[in-house]
Amino acid sequence: VQLQASGGGLVQPGGSLRLSCVASGSIFNLRAMAWYRQAPGKQRELLASITSGGNTNYADSVKGRFTISRENTKNTVYLQMISLKPEDTAVYYCNFFPAAPTSWGRGTQVTVSS
């Protein structure tokens, strides 16, 4: 299954971005999805997950600032990010939850800087 994340960019501290991830294949509706990120020199971390029914969970580092959602009719999962901080700078990826090792796409770069 191909997962293509998009929507990253350069944003000032305190700014907002919305990331999107489109999944190919017909099993999207049945799978829990998640957003992950990897900052330079750090391990990839789980940020947020959403079940097929819409139940969500968040890492403490993004709770209250990031919102994960999904639109099953479009095979798309979103990550709305507000109040961005420089430490949010990373490459952001979507994948299934738990992650499927063969489904990591290229990710999308988010840079938070003034």
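Which residue is the bridge partner of I50 in β6? The bridge partner of I50 is T56, and the sheet around this pair is worth a walk-through.

A word on the ground rules comes before that. This is a predicted model, in which local features need pLDDT of at least 70, side-chain atom pairs count only at pLDDT 80 or more, and totals for chains, interfaces and linings use all residues. Residues are numbered from 1 along each chain as its sequence is written, and side-chain values use heavy atoms, with hydrogens and water left out.

Six strands (DSSP E runs of at least two residues, numbered from the N terminus) make an open sheet with mixed pairing, ordered β2-β10-β9-β4-β5-β6. Because β2 (9-11) and β6 (56-58) each have a single partner strand, they stand at the edges, and one side of each lacks a neighbour in the sheet. From one strand to the next, the twist averages 25°, taken between N-to-C directions of lines fitted to C-alpha atoms, on a scale from 0 to 180 degrees.

Here are three of the pairings; two strands pair if DSSP finds at least two bridges between them.

| Strands | Sense | Bridges |
|---|---|---|
| β5 and β6 | antiparallel | three bridges |
| β4 and β5 | antiparallel | five bridges |
| β4 and β9 | antiparallel | six bridges |

Strand β4 (residues 33-38) has five of its six residues buried, so it is largely enclosed by the rest of the structure; buried means under 20% relative accessible area with a 1.4 Å probe, protein chains only. A34 has S49 in β5 as its bridge partner, while R37 stands opposite Y92 in β9. Six residues separate β4 and β5 in their hairpin, and G41 in the turn has a positive phi of about 80°.

How values were computed:
Helix = DSSP H or I, 4+ residues; strand = E, 2+ residues; numbered from the N terminus. Buried < 20%, exposed > 50% of the residue type's maximum accessible area, 1.4 Å probe, protein only.
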